[in-house]
Amino acid sequence: MNSPPAAMPHATLLDTLAAAELAFAHFNAHRTSAAEGAAIDLGGSPHWRWLADASRPASAYYSRAIARHAGQLPAEALAELPTALAAVELRPSEFRPDLAAALQAAGFRPEGALCYLAGRPPSERLLPAHPVRRLTASETPLCFDLLESAGTPFPPARRAAKQRYYCSDAFQFFIATEPTGAVLGWSTLFLDGGTAFLGNAFTRPQARGRGVHAALLAARLNAAAQAGVERVFTDVEHGSQSQANCERLGLRTVTLNTLWLRQA
């Protein structure tokens, strides 16, 4: 990888990350929505950015807000939020006793942490340990078959309705295989302007521990470099093997945000 993302001011990096992550979540909301034409709002106010999916108001992923600019966030800014949001995401620099008290008074409680990493695309092509290739639009049925094999139903009607969201230039789908062609795992990459966001990766149970995740990661970083993006972002479970793999290939942990959930 090139040098870590410290060349960009940290607050600016976090703002870019928040915009990229919410853009990806907005795309995912449309991609996974059970109802075509669902009201999905990617909105904001002077102090906030938010995603509000009316069909999934209780989802901490599809119904949440994060500060528009990293740093000091006044407690009175909570009044700007839509009342239906399920979650508020706070960066470490935004956590203060008065804001925590205001969130608690509004019915929110801290329920977990979100670990984000950032980096630049590699300047030299990485060599995955397994064969990895990107599926073309004509191979979207294979993509659906793989997702269905992992537990996500894709009946014919859903395939027809969602096909345009998969295996495109913006949402790329990669598979890692044995030399024989047998699929070991798969992963996604979302491109939006000058950023790339590494989406979910899945390794078949029988292939775990063989470097499949790292191979899929290397292939997606190569794709981000080929696309000419300036920054690559992802989120992982803090302390996981995924985080270790990302850091081994040059990504760096840039923030560990607290997720505050609205109590029912």
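1. Eleven strands of this predicted model form an open sheet of mixed pairing, in the order S1-S2-S3-S4-S11-S5-S10-S9-S8-S7-S6; strands (E, at least two residues) and helices (H or I, at least four residues) are DSSP runs numbered from the N terminus, and two strands pair if DSSP finds at least two bridges between them. Strand S1 (40-44) and S6 stand at the edges with a single partner strand each, so one side of each is left without a neighbour in the sheet. Direction ignored, neighbouring strands of this sheet are turned against each other by 25 degrees on average.

2. A word on the basis of these values. Residues are numbered from 1 along each chain as its sequence is written, and side-chain values use heavy atoms, with hydrogens and water left out. Because this is a predicted model, local features need pLDDT of at least 70 and side-chain atom pairs count only at pLDDT 80 or more, whereas totals for chains, interfaces and linings use all residues.

3. Within the sheet, S8 and S9 run antiparallel and are joined by seven bridges, with Ser 187 standing opposite Ala 201 in S9. Helix H3 (residues 140-149) packs on the sheet, touching S6, S7 and S8, and its direction makes about 70 degrees with that of S7. H5 also packs on the sheet, where it touches S6, S7, S8, S9 and S10, and its direction makes about 30 degrees with that of S8. Axes here are lines fitted to C-alpha atoms, for helices over the stretch in contact, and angles run from 0 to 180 degrees between N-to-C directions.

4. Strand S3 (residues 63-67) is largely enclosed by the rest of the structure, because five of its five residues are buried, that is, under 20% relative accessible area, where exposed means over 50% and partly exposed in between (1.4 Å probe, protein chains only). Ser 63, Ala 65 and Ala 67 point one way from S3, while Arg 64 and Ile 66 point the other way. Strand S2 (residues 48-53) is joined to S3 by five bridges and runs antiparallel to it, and Trp 50 stands opposite Ala 65 in S3. S3 and strand S4 (residues 87-90), in contrast, run parallel and are joined by three bridges; Arg 64 has Ala 87 in S4 as its bridge partner.

5. Leu 142, in helix H3, is partly exposed, with a relative accessible area of 28%. Leaving aside its neighbours within four places in sequence, Leu 142 is in contact (heavy atoms within 4.5 Å) with Arg 133, Leu 135 and Ile 175.

6. The largest pocket has a volume of about 740 Å³ and is lined by 33 residues, of which Arg 31, Thr 188, Gly 199, Asn 200 and Ala 201 lie nearest its centre. On a 1 Å grid over the protein atoms alone, a pocket is an open set of points where a 1.4 Å probe fits, with protein on both sides within 12 Å along at least five of seven lines, and lining residues have an atom within 4 Å of a point. S9 gives the largest share of this lining, six residues.

7. The second largest pocket has a volume of about 220 Å³, and the residues lining it include Arg 125, Arg 133, Arg 134, Phe 174 and Asn 222. H5 gives the most to the lining of this second largest pocket, with five residues.

Definitions and conventions
Grid points are joined across faces, edges and corners, and a volume is the space filled by probe spheres set on the points.
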